[in-house]
Number of protein chains: 2
Amino acid sequence: MSKFSEWFHNILEEAEIIDTRYPIKGMHVWLPQGFQIRKNALKLLKSILDEDHEEVLFPLLIPEDELAKEAIHVKGFEEEVYWVTHGGLTPLGKKLALRPTSETAMYPMFALWVRSHQDLPMRFYQVVNTFRYETKHTRPLIRVREITTFTEAHTVHTNSQEAEEQVERAIEIYSSFFDQMGIPYVVTRRPEWDKFPGADYTMAFDTLLPDGKTLQIGTVHNLGQTFAKTFQITYETDDGQHEYVYQTCYGLSDRIIASILGVHGDEAGLSLPPEVAPYQVVVVPIIFKEGAQEVLDFCGELKNQLRSSGIRVHLDDRDLRAGKKFYEWEMRGVPLRIEIGPRDLKEGKIVLKRRDTLEKEFVEYQEEQVVDLVNDRLQRITTNLKEQAWEMLLENLREVNTLDEARDTIQEDGGIVSFLWCGDEACGKDMEEKVQVDILGIQEDADTGECVNCKEKARYRALLARTY
Amino acid sequence: MSKFSEWFHNILEEAEIIDTRYPIKGMHVWLPQGFQIRKNALKLLKSILDEDHEEVLFPLLIPEDELAKEAIHVKGFEEEVYWVTHGGLTPLGKKLALRPTSETAMYPMFALWVRSHQDLPMRFYQVVNTFRYETKHTRPLIRVREITTFTEAHTVHTNSQEAEEQVERAIEIYSSFFDQMGIPYVVTRRPEWDKFPGADYTMAFDTLLPDGKTLQIGTVHNLGQTFAKTFQITYETDDGQHEYVYQTCYGLSDRIIASILGVHGDEAGLSLPPEVAPYQVVVVPIIFKEGAQEVLDFCGELKNQLRSSGIRVHLDDRDLRAGKKFYEWEMRGVPLRIEIGPRDLKEGKIVLKRRDTLEKEFVEYQEEQVVDLVNDRLQRITTNLKEQAWEMLLENLREVNTLDEARDTIQEDGGIVSFLWCGDEACGKDMEEKVQVDILGIQEDADTGECVNCKEKARYRALLARTY
């Protein structure tokens, strides 16, 4: 799949995920099929977050003076912010920003909400649309001007250690989510020059797309006390002192959907994890003149049985050639197809076809076991999709020992390159310049060896890759 | 409850529904408690719509030229539209509107989607935020500048009759939703001068708030072919002709939450229908020195039992006076409270207190029946809230025979006034002027009698009321 970009654009259209013809660049319409995938993914994500976060909803618009309060933060966003300047025909007294992210919407309120140490920790999240006036080439679900599925969490703590633990907890949450979607990832600490504007440090999840480029799919920021000081968020300690809080925030975007589609897809189209597939199973009756009604009846009953056990199933009884139906459902990524013809019926068999392996299986039909059978296959599909995807990522994660090797590897094979680094900013930027790709970040500490660029003592094992 | 307005504002704050201190007028923050009520209401609404609608998601921003295409429509909104004029520091070539509603975002796409009569009917909905630059006094959940919970459906049909049937179907859907929320309503056809800009006619739901003023809580519009002609939405008939489609749209807003809170609440605070209550049941252990652990253990087990049967239950084991807890949970509107003290435990009893009637009930505790018992009481609460609310509305729906009577009734009793009307626009506006309140709309045809204003033959029974 060398032309991933083209494949991705085509499949969004053919599988009716997104309509890109909306008359504003970088803003798209979620079609019913795409919306269901998004909804199922969000349902899982929310169920994980709901364990120890509270869902809230803040306004879209942020007054200019609030957005401008945290200088480092606003500098990172000022070129990308959409501004509302008029209400009706009236110029507004104060410009209003469409949120690029919600720190400056939320934190003035946090300053009102946090009173005593007993109020802490606080953990909130919201699922909202955010806006970036992207000047780069836009790409549906990957680089957009309206992010429709921004899931941002914001937490408040009394001390630095708790904030660090929350960063770890957020990494666990996102790992659990991506694991259930079968999305492989590397987690790194972003270089200083690439961290979130206003953060002490940024941890990031990147996955690898089939064209060998990485896609940032999630970030976790330790904000330290920067915003607390800007927005005066303080709590009263046991002995009546007022102290600044420590904060973290972390977010996912539409890219979670891009990665689900992009990582698992193949030449035949999408291949969806059962957890998010709008239909997990499609039943296709194979109709001949003889015995058509029996086959249809049987398929209808099977559908009802599967549906009543909670499986998302569709009976495709349209008057179309079976081959056309097969093509369509494979392209749309339905994890499991069940085919039943008159001969199968006579022989007491059903045919299962897995989307992930494209393997056909003829199994004996037993009414009391068919739900378990289907659930078992869906489980195997989930596991296999994840294993395949991890294999692909790990095969394309290559350790190198010299700068030349790094450059050659990236140019010839793409993927992710692992190398030893001194950690110095000037050296890192010099290396990015020489290799012409970005340093994703630091993966772990290194005890021995030397930096592949400056030859000083290596402090870290780090990753670099061509990125989206 | 003469000071409803004050009550409403206070309860939003005290019960932590909405924080109104966000630094933009008419834009508010949904707090965790309020968010859960909203989420539960939306869950029910979506489950009804999902039966025959597909959920989609369109961009927030609408290009100026699309918004301006339908002249009548844009005239209705032009004074209320927020405009985005800058991306970063760059003036945009084309201004972008924050959607006040989504006809002009959706219908250019519908023109691409609708091809043949086989594609129709189409029925879509989305839940989004919309914006109105309100110049009137804003009020949380009732008159806001960011509507956060706009649930708008849009349908497309081949013929006029089908569109009319869809209007009826939408009225059924909304009736079913409001019935399950226990919200009473009157449905009328809005006068010509008060219909949706661009619609052939508008049907509307109004409920009655405790201060005797009505609140519009839902609208259903038959759009005829107006937008089809503007946006060139045509379909190919069986014989290859191209015909304009017929359309309807209908929507609900944050006011559904306002009405749930406002209609059922009382001096003690909120009284939530079990369907939407964040907690349906709160278990309060009554702790004395003696037997405290046994009581706590029992309450914990009861909580687990109720929770595992799908009831949203909370165990309030905070170290606080029971009276303080009672006050708080009553104010927050939890439908059912279960109190258990050491003496109850000994006697094998539990105490149930219903929020709606504030009645206490001592019942024998039987482990295998307690779930049914609680579900039965929740069901009774649902029914009673609805009956009480309908009674209140019907008591305040008064038939009058003269204009003076109408004026006096509105001034003395508020509520809704039912009268005979000729249906003439000039007469209607004259009457609104004389009585100084709005005509809600036409409820039904009238066979006999004369118009209370102009004394011509009455054609309709209509309603008027002081409105929000």
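This report covers the chain contact, one sheet, two helix pairs and two local environments in a predicted model.

## Contact between the chains

Chain A gives 42 residues to the contact, and chain B gives 42 residues. On the chain A side, several elements each supply at least two residues. The helices among them are α2 (32-49) and α5 (103-113). The strands are β2 (29-30), β3 (54-55), β4 (61-63), β5 (82-87), β6 (90-98) and β8 (146-157). The largest share comes from β5(A), with six residues. By class, this side of chain A has 27 nonpolar, six polar and nine charged residues.

Strand β5(A) also pairs across the contact. Its partner is strand β5 (residues 82-87) of chain B. The pairing is antiparallel and runs over five bridges. Within this pair, A:Gly87 stands opposite B:Tyr82.

## An open sheet in chain A

Five strands of chain A make an open sheet with mixed pairing. Their order is β16-β15-β17-β18-β19. The edges are β16 (313-315) and β19, each of which pairs on one side only. On average, neighbouring strands are turned by 25° against each other, direction ignored.

Helix α12 (residues 370-395) of chain A lies across four of these strands: β15 (281-285), β17 (336-340), β18 and β19. The helix runs at about 140° to β17(A).

## The β18-β19 hairpin

Strand β18 (residues 349-354) of chain A and β19(A) run antiparallel, joined by five bridges. Two bridge partners can be picked out. A:Lys349 is matched with A:Glu364 in β19(A). A:Ile350 is matched with A:Val363, also in β19(A). The two strands form a hairpin, with five residues between them. In the turn, A:Leu358 has a positive phi of about 60°.

Strand β19 (residues 360-364) of chain A is hardly covered. The count of buried residues among its five residues is zero. This strand is also one of the two edge strands of the sheet.

## Helix pair α2 and α6 in chain B

Two packed helices are described by the angle between their axes and the distance between the axes. Helix α2 (residues 32-49) of chain B packs with helix α6 (residues 160-181) of chain B at about 150°. Their axes are 10 Å apart. Angles over 145 degrees count as roughly antiparallel, so α2(B) and α6(B) fall in that class. Their crossing is right-handed.

From α2(B), the residues that meet the partner are B:Ala41, B:Leu44, B:Leu45, B:Ile48 and B:Leu49. From α6(B), they are B:Ile173, B:Ser176, B:Phe177, B:Gln180 and B:Met181. The contact divides into eight nonpolar, two polar and no charged residues.

## Helix pair α9 and α12 in chain B

Helix α9 (residues 292-308) and helix α12 (residues 370-395) of chain B have axes that come within 10 Å. These axes cross at roughly 70°. Angles from 65 to 115 degrees count as roughly perpendicular, and α9(B) and α12(B) are therefore roughly perpendicular to each other. The crossing is right-handed.

B:Leu302, B:Gln305 and B:Leu306 represent α9(B) in the contact. They meet B:Val370, B:Val371 and B:Val374 of α12(B). By class, this contact has five nonpolar, one polar and no charged residues.

## A covered helix and a partly exposed loop residue

Helix α8 (residues 255-264) of chain B is mostly covered, with ten of its ten residues buried. Among them are B:Arg255, B:Ser259 and B:His264. B:Ile256, B:Ile257, B:Ile260 and B:Leu261 are buried too.

B:Leu120 sits in the loop between α5 (103-113) and β7 (122-131) of chain B. Is this residue buried or partly exposed? B:Leu120 has 18 other C-beta atoms within 10 Å. A residue needs 20 or more to be buried, and 12 or fewer to be exposed. B:Leu120 is therefore partly exposed.

Leaving aside neighbours within four places in sequence, B:Leu120 contacts B:Val114, B:Val156, B:His157, B:Thr158, B:Tyr235 and B:Val245. B:Val452 is 332 residues from B:Leu120 in sequence. In space, the two lie 45 Å apart, C-alpha to C-alpha.

Technical notes. Residues numbered from 1 in each chain as written. Chains lettered and ligands numbered in written order. Predicted model: local features only at pLDDT ≥ 70, side-chain atom pairs only at ≥ 80, totals over all residues. Axes fitted to C-alpha atoms, helices over the stretch in contact; angles between N-to-C directions. Helix = DSSP H or I, 4+ residues; strand = E, 2+ residues; numbered from the N terminus. Parallel < 35°, antiparallel > 145°, perpendicular 65-115°, else oblique. Left-handed = near helix turned anticlockwise from the far one by under 90°. Contact = placed C-beta atoms within 7 Å. Nonpolar A, V, L, I, M, F, W, Y, C, P; charged D, E, K, R; others polar. Pairing = 2+ DSSP bridges.
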